[in-house]
Structure formats: C-alpha cells, structure tokens
Amino acid sequence: MRVNVLQHTPDEGPGAIRDWVHANHHTMFVYHPAQFGKLPTAAETDLLVILGGPISPNDNLPWIAAERDLIKQLLATHTPIFGACFGAQQISKQLGYSVGKAPAKEVGWAPVTRQSNVIPGLPSQLNVLHWHEDMFEIPAGAQRLFSSAHVRNQGYLYNGNVLGLQFHLEPLADNVREMVVNDGDYIAGSVLGQTPADILAQPVPTENQLVLYQLLNFITELN
C-alpha cells in the first residue's frame, strides 16, 4: 500500500505513523505542499495522511484548496483518509462544514473520552497531546469519536474509512520535544495552563501509539 503523507510544518511530522507503515510493509511518501507546492495524485494514493500545521483551512492559499480537491477525489473513490488537527479540519471543510475558533485553546496534555463504540475496543479515555485553538464541525453522517472537557468535537469517523482527530496521537517523545522547542510560544493562552517544561515532563503514553495503530488498521481494512 502506498501511504501519502501531507506534512505542513517541519516540527509536525508523521511520528508513529511511520512506524505503522514500516511494521505493515507499506511504502510512505512525504509531501510538503506548503513549501514545495507538491501533492500526490489520487490514483497513486492508497491511504492519505494529512498532518497538522499553523495554518487554517479558511486561509486563502492555492495549496490548501488543491489539498481539498485531492480529498474530494479520494472521498469519491472511497480511499482511506486520516487527518490530524489541520488535516481533520480540511476533511470537514471539504465536506461542507465550518472550521472556526474552539471554545478554548488547548495546548498540552489532557484527556479525551470516547463517545462512540463504532470502532470496537477503543479505551474509554486517553491522555493525548493537544496543540490547537480551532475546531471542526462534525460532518452529517459521521460518528463523533472523542470529546474533551473543553472542546466537544475532538474526533469523528466518516463513511467507515475517513477519520479526523483534533488532537495528536502520532507524536513520539522526540516529536514532542521538537514541537515544544520550535513552537513553544504557541502555548500562551492555553486553558490547560501547562508550561513547556510541564509538557516535556509528561511521557508519551504507550497506549496512544497502540490506539493510533488500531485506528489506521480499521480505516484501511475496511477499504
């Protein structure tokens, strides 16, 4: 399977997604549309992964619109899509739903709770990394998967093989350090009240990588 990853900023890479790709003997190609303006074609995509970044789907940039056109093509062919943060917002926006300011800015570690049993075996709660102040609308026909105490729309499953998460399961310990040292100023104003040192002191829960694998297995096996 060819896994095409769209990375939008240097400090938010595929992390544990790369490990899942290698463990399953797939092939990964990482594109940087914001830097190079390159995107894969729908025909050469078996799974599309859309990562986070400091931009908004509401920004008027050609590559953001081109990304959503690719999403549109993959939705039409029932190709699996996984979106994290900005990626989840892009999917929701392409489906005709709004992306705007969340009720609270969340940056740091905080729990999300499961809201649906549509994906069997997910834990009732996860301690995950948040790095956002915007929020997507849940598309009609999608199941809400997760919520947090401050932001209700934290994850959804659409059409059985399209999954969007507002939070991050993909960062490993090195990735968290990279995010904090390069984008630590973004923490200001977060309702979670954590410092960069607080975020770095929290070990990445092993469970997060296992759940990420479970989610990726689910949307690809249904394809």
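Here are three short exercises on the chain above, each with a worked solution.

The structure is a predicted model, where local features need pLDDT of at least 70 and side-chain atom pairs count only at pLDDT 80 or more, while totals for chains, interfaces and linings use all residues. Residues are numbered from 1 along each chain as its sequence is written, and side-chain values use heavy atoms, without hydrogens and water.

**Exercise 1.** Work out how many helices and strands the chain has, and how its radius of gyration compares with the globule rule.

*Solution.* Start with the DSSP runs: helices are H or I over at least four residues, strands are E over at least two. This gives 7 helices and 9 strands. Next, take the radius of gyration over C-alpha atoms, and the rule as 2.2 Å times the number of residues to the power 0.38. The chain has 16 Å, close to the 17 Å given for 223 residues, so it is as compact as a globular protein of that length.

**Exercise 2.** Find what share of the residues is buried.

*Solution.* Apply the cut-off: buried means under 20% relative accessible area, with a 1.4 Å probe and protein chains only. Of the 223 residues, 54% qualify.

**Exercise 3.** Identify the strands that β5 pairs with, and a bridge partner in each.

*Solution.* Pairing requires at least two DSSP bridges between two strands. First, β5 (residues 99-114) runs antiparallel to β6 (residues 125-136), with 11 bridges; here Val99 is partnered by Phe136. Then β5 also meets β7 (residues 143-147) in the antiparallel sense, through 2 bridges; there Thr113 is partnered by Ser147.

Technical notes
Buried < 20%, exposed > 50% of the residue type's maximum accessible area, 1.4 Å probe, protein only.
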